[in-house]
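Let's take a walk through this one, from a small sheet to the packed interior and on to a helix. Have the model open and follow along.

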Amino acid sequence: MAQTTVKNTSLKVPLDRIRNIGIIAHIDAGKTTTTERILYFTGKTYKIGEVHEGQATMDWMEQEQERGITIVSAATTTFWTPHFDTHLPKVPYRFNIIDTPGHVDFTAEVERSLRVLDGGVTVLDASEGVQSQSETVWRQADKYHVPRLVFVNKMDKLGADFKATVQDIIDKFGAKPAVMVLPMGAENEFKGVILLLEQKALFWKDRAADTEPEVGEIPEEYREEAEKMRAQLVEAIAETNDTLLEKFFEEKELEVNELKAALRQAVINYQLVPVYAGSSLKNTGVQPLLDAVVEYLPSPMDIKEIQGVNPKTDNEEVRKLVPDEAFSALAFKIQTDPHVGKLTYTRIYSGVLKSGSYVYNSTQKTKERVGRLLLMHANQREEIKEAQAGEIVAVVGLKNTKTGDTLCDESKPIVLEGITFAEPVIYLAIEPKTKSDQEKMGLALAKLSEEDPTFEIKSNPETGQTIIGGMGELHLEIIVDRLKREFKVNANVGKPQVAYRETITKPAEGEGKYIKQTGGRGQYGHVKIKIEPLERGAGYEFVNAITGGVVPREYIEPTNKGIQEALQRGFLAGYPMTDVKVTLFDGSYHEVDSSELAFKMAGSLAMREATAQAGMVLLEPIMKVEVSTPEEFMGDVIGDLGSRRAQIQGTTHRGNVVIITALAPLAEMQGYVTILRSMTQGRASSVMIPSHYDIVPKNIVDKIIEERKGS
């Protein structure tokens, strides 16, 4: 039976009994299924929702239910009373859970969720091990210093290999695993797990039902291995704690409670990653994982404080993560709700937030009124009067707040670290079908871009077309689908276009003179610049090296603006330029005729002259491609990738499946999923992740320039 527990989600518990956690993983590792089981076993839902039946609670969007994937992160609150852990008090712990997407196209959802979470549960597929997107989300979690557990899911699946997956954690994540369980059997023979520290065996007899496991003695055939693995676990924990290490070398008995306390600290310090195993679909192994969340993942009190900058003094400040500190919070997600309007998902770090109160947005420097406060359960809402440090709530009524903005007390302003997002790699043209669709489309696109920071809207100045950009074909497909369904906008969509960039390969200098005399007051702007290439991904850098006032200070920024506008237009094939350092070092001005406009034009002209001698090249997005295919199709798949200008990085065998990793230009990979399926009788799967930008071969550049001229 599901554990009976607290149903009132607004129940206040002490800060040390709150866990803000995210479920993160590669696509199809079973994140949403695991979340559904957590909701069921904590008594939040009365019926298990299955992803493959389109019934998952957390996948509430129509598009998610149809495709069986998670597109937007969904938040919920539930409670768990520890189960197998004998030394923890039997009191409810509050879990604020965010289920994140696994598909790389929706990486922004993972990025923003990890920014506000205190801990993460990484779900891995026991038969696939650590896949490419798992590595991406792991690195994102590293970036925001999120302690995490690993749940090796799908132990009942053909090819499940727990030990190989643990080795993958070491090799690919570079993490040190603390293996907490020994699975009994695998594939069809998987029947339960042995808790190594407690030396108990948990058997799930009727795996199709929602059974509690039977707790028993370790079966004889596993005893020796369990003892060996326990000894390794104890040693790994002892190495993180001087007191325990001393006892360990003196060969004294280490108490389970001591080991657990030391492991908790090691997890919070990113020294160890506890590893659990089970099968969410078959309801096995989830309850010990829930105990582990309570036991090893941090509460807001463990994190103690958060750093920020005082916008008035630019000095660093800290906020203690307690309710009686000055209010501070981070808005991490915007969502348009058809019933209540704009929802701003907010993580409260310190202080208390009350409905009807005013808060200060220190990022935008505006005051905002908090209309209502809602606790979210996927797309269901529960209204509350106040929320405090450690909670994640949705706020109704904030007009100007964007993703990554800080909300705080106006008398004690602070700006917290924001959230960084990747640049779009693919674009397509979109136009409304009718006049009435035109107005609706503008409003709808604005709302969607407010929700999704990786979705970009721009217009093509030559054709007047609206161009939308995103992280991949699926991302843009979902946007267009949402336009049609949610906003009732019918639109014609062009073919996806790759986000090429232009750059330079050598330093050069350029002079720009803008002189116009048309009777009366003229225009005079004159600058000299030097341009140099920067390393890939560095973007744009502007250096003002003017001395002696040869260009007055008020004309420096207009010059920079003119240069930046020229960069956006590009000089080779009309694509934006990047990875360029521009130094403004000389120029002249006219007492009467000089103006901001004249220097803006001069900056643009100087760029044109400099780029002509700087060895211009075209850059294209390169994707990291990972293909899982049955061995018999390996030759065909590698041959096909070779024809797409791909560089094969390596192959790994897991059972009779081969995992091929390669780097391939995005331009050659459009529609690849369909081709791969037909080539392998539907038995292979692939994932693409943006890797870096690289130079396009000369023969292809000529073709692209020709096509651009033609269009």
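Start at Val309, which stands opposite Val415 in β24. This is a predicted model, by the way. Val309 belongs to a strand pairing you can trace easily: β12 (residues 305–309) runs antiparallel to β24, with 2 bridges between them. Zoom out a little and you'll find an open sheet of 3 strands, in the order β13-β12-β24, paired in the antiparallel sense. β13 (316–320) and β24 (415–416) are the edge strands, as each of them pairs on one side only.

Now for the interior. In soluble globular proteins, nonpolar side chains tend to be buried together. Here the largest nonpolar core has 75 residues, and those touching the most other members are Val121, Phe162, Met180, Ile194, Ile237 and Tyr296. Helix α6 (residues 220–238) supplies the largest share of this core, with 8 residues. Pick out Ile194 and look around: leaving aside residues up to four places away in sequence, its contacts include Met180, Val181, Leu182 and Met184, and also Lys200, Ala201, Ile218, Tyr222 and Ala226. Apart from that core lies another one, of 44 residues, with Leu428, Leu476, Val480 and Val627 among them.

Last stop: helix α15 (residues 634–642). Which of its residues are buried? They are Val637, Asp640 and Leu641. These sit on the same side of α15, because they cover an arc of only 100° around the axis. And what lies over them? The cover includes the strands β35 (617–630), β36 (647–654) and β37 (657–665), along with helix α16 (672–679).

Notes. Residues numbered from 1 in each chain as written. Predicted model: local features only at pLDDT ≥ 70, side-chain atom pairs only at ≥ 80, totals over all residues. Heavy atoms only, no water. Buried < 20%, exposed > 50% of the residue type's maximum accessible area, 1.4 Å probe, protein only. Helix = DSSP H or I, 4+ residues; strand = E, 2+ residues; numbered from the N terminus. Arc of directions from axis to C-beta. Contact = heavy atoms within 4.5 Å. Core = buried A, V, L, I, M, F, W, Y, C linked by side-chain atoms within 4.5 Å. Pairing = 2+ DSSP bridges.
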